[in-house]
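This report covers the fold of one chain, the contact between two chains, and a few local backbone features. The sequence and structure come first.

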Amino acid sequence: MIIILILLAVLLFLLFTFYGNPNSYIVENLRVPRNTVAFLCGGSLALSGAVYQTVLKNPLAEPYILGVAGFILLGYTIGKLLRAEEIGLALSSAFAVLSVMYISKRLPPKHMLLVGVGVNAFSVSAVLVLYSFLDPYSLKESVTKTIGVVPYVSIWVVLIISLITFLVFLFLMLRSRNLDLLSVGELEAVSFGVNPSRERVISLVLTTVLTAIFVSLVGLVGFIGLVVPHIVRFIHSSVHSKVLPLSFLLGGIIFMGSDFLARMVVYPAEIPAGVFSSLMLSPLFIGVVWRLRHD
Amino acid sequence: MIEVYNLYVRKGEKEVLNGVSMEVDRGETVVLIGENGSGKTTLIRAITGLEDYKGEIYIDGVEPEKGGKEKISVLSQDFNPMAYLKVSEIIGFCDSVDEEVIKELGLNGIFSSRIGNLSGGERRRVGIGFALMNDRPYIILDEPTANLDISYINRLISLLRRKVEEGKGLLIATHDLIFGREVGDRFVFLRDGKVAYITNEEGFNYACTKVFGTNMYTEVMKRCV
């Protein structure tokens with residue numbers, strides 16, 4: 001299954017990259033970076049969702065639904081209001097750590113989700129207000145940020161975020177057995193030398209900071225983080241050494257595909273990529289919630 | 001040996017454990033008995049290092065946090081793994097696979113089922129299997145008989161006896177007096193976070209009467225009639 005997905009990812013990557021007019025300048029400087037960002041973004045969101053669901057023992061947890069992503073976007077926007085992308089990134093990471101401090105307290109699942117709804121609503125409104133302070137004519141940018149649009153970035157940015165994503169992924173893979181044991185139970189994991197609260201905070205901080213990078217870059221992308229791990233666990237396996245890489249690949253493929261559609265459907269104009277991922281995944285989200293209705 | 005001396009655990013305003021001392025040796029079964037809220041689960045969580053405590057806990061001379069907890073295999077009171085996990089995957093996380101445990105607990109028939117599709121009793125059997133198949137010198141089971149039907153309780157008793165013969169130390173929390181009386185070598189009665197009695201079989205009924213206001217035989221008779 002992993003091999004098939006990797007092949008599919010490469011194939012789609014090539015297709016989306018070289019589709020249309022092959023022109024080496026466009027391919028190297030625009031399409032490769034953009035497709036890579038889309039792939040890493042989708043993959044990281046799915047990875048974060050998988051980890052959130054395990055360590056919070058809440059099948060509906062993911063950064064977007066819990067309001068973490070919205071809160072991070074708010075931090076980023078405040079930074080941007082101060083006219084500096086760097087401050088935006090720093091503030092979004094700070095807001096990410098703040099969110100981890102809150103979610104690792106583990107409210108009852110329902111409360112946590114409802115607080116997430118509140119935080120999301122507040123953050124999105126605040127982001128729109130802040131953007132209109134920034135520049136009343138930038139409303140379009142603010143709206144696309146709240147849906148998720150993949151930007152064109154330089155190859156250096158791509159290299160840096162690829163490296164960070166790879167390191168986080170590697171770290172989580174090395175600790176996947178601890179995640180397995182936590183998914184069985186806290187007390188059960190203890191006897192294997194796992195420290196549940198430390199494990200929880202470490203993996204939440206790593207995935208949330210990863211989320212912060214992509215929220216700052218792309219915006220709020222919903223449902224990938226929630227639905228993709230469910231698909232993998234349902235179809236294939238719940239063992240984390242498989243769940244993490246498969247979720248990453250599948251999430252990446254889905255979001256890269258959404259971005260492709262976003263560029264192509266109303267060509268030469270463009271729709272935010274988040275529109276298509278939500279369009280595809282929110283019915284599945286409803287399906288997941290429906291399946292869990294007895295829990 | 002698991003040694004607990006003068007253990008205090010406070011949760012908010014309430015002193016949940018109030019100076020508890022007890023011990024569990026290898027090759028014996030100690031049964032922890034008490035009403036709901038008497039502190040059984042808190043004591044177990046403290047021994048596994050999940051609860052902040054005052055007092056002393058040593059497992060073979062080592063504090064839980066310094067590695068003592070890794071000598072214990074535990075079944076928690078609310079064993080509830082993630083719904084998508086398959087029984088076979090959970091068994092796969094164990095140190096070793098014990099065919100007899102799998103057979104006795106009837107796990108063969110549900111091997112490829114997901115936790116979310118199991119009944120309460122089936123889930124309990126998976127949890128017991130997980131605790132028994134990890135090769136640790138001590139096994140702690142919190143309410144192992146919850147949701148189990150009588151045929152599995154009997155098989156569980158014989159499995160536990162075998163583990164004791166292998167030289168493991170067992171600590172079992174239960175409020176099922178009949179089951180507790182049958183598996184236990186020694187009995188620790190908890191009341192309001194204190195040890196009310198520590199006794200062997202001979203004092204069991206006396207302690208039951210004092211703690212619960214009824215004894216096992218009266219309860220058996222009532223159920224029979």
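In chain A of this predicted model, 75% of the contacts between residues at least 6 apart in sequence join residues at least 24 apart. The chain has 13 helices and zero strands, so the run of elements from the N terminus on is α-α-α-α-α-α-α-α-α-α-α-α-α. Of its 295 residues, 51% are buried. The C-alpha trace spans about 55 × 45 × 35 Å along its principal axes. A compact globule of 295 residues would have a radius of gyration near 19 Å, and the 18 Å of chain A agrees with that.

**A long-range pair in chain A**

Leu47(A) belongs to helix H2 of chain A, which covers residues 24–55. This leucine is buried because 30 other C-beta atoms lie within 10 Å, where 20 or more are needed. With neighbours within four places in sequence left aside, Leu47(A) is in contact with Phe169(A), Thr207(A), Leu244(A), Ser247(A) and Phe248(A). One of these partners, Ser247(A), is 200 residues away from Leu47(A) along the chain, yet the two C-alpha atoms are separated by 6.0 Å.

**Helix H3 of chain A**

Helix H3 of chain A takes in residues 68–81. At 1.5 Å a residue, its 14 residues should span 20 Å, and the end C-alpha atoms are 20 Å apart, which agrees. The helix is mostly covered, with twelve of its 14 residues buried. Among the buried residues are Val68(A), Phe71(A), Ile72(A), Leu73(A), Leu74(A) and Tyr76(A). Three glycines, Gly70(A), Gly75(A) and Gly79(A), are also buried, as is Lys80(A). An α-helix has 3.6 residues a turn, so residues three or four places apart point the same way. After H3(A) comes Arg83(A), whose phi is positive, near 65°.

**The contact between chains A and B**

How many residues does each chain bring to the contact? Chain B supplies 22 residues and chain A supplies 18 residues. On the side of chain B that touches chain A, the elements giving two or more residues are strand E5 (72–75) and helix H2 (87–92) of chain B. E5(B) gives the most, with three residues. By residue class, this side of chain B divides into twelve nonpolar, five polar and five charged residues.

**Positive phi in chain B**

Two residues of chain B other than glycine have a positive phi: Asn147(B) and Asp192(B). The table sets out the phi value and the burial state of each.

| Residue | Phi | C-beta neighbours within 10 Å | State |
|---|---|---|---|
| Asn147(B) | near 70° | 14 | partly exposed |
| Asp192(B) | near 50° | 14 | partly exposed |

Where in chain B does Asn147(B) lie? Asn147(B) is in the loop between strand E6 (138–142) and helix H5 (150–165). Asp192(B) is in the loop that joins strand E8 (186–191) to strand E9 (194–199). Asn147(B) counts as partly exposed because it has 14 C-beta neighbours inside 10 Å, a count that falls between the limits of 12 or fewer for exposed and 20 or more for buried. Asp192(B) is likewise partly exposed, with 14 other C-beta atoms within 10 Å.

How values were computed. Residues numbered from 1 in each chain as written. Chains lettered and ligands numbered in written order. Predicted model: local features only at pLDDT ≥ 70, side-chain atom pairs only at ≥ 80, totals over all residues. Helix = DSSP H or I, 4+ residues; strand = E, 2+ residues; numbered from the N terminus. Contact = placed C-beta atoms within 7 Å. Nonpolar A, V, L, I, M, F, W, Y, C, P; charged D, E, K, R; others polar. Expected span 1.5 Å × (residues − 1). Rg over C-alpha atoms; globule rule 2.2 N^0.38 Å.
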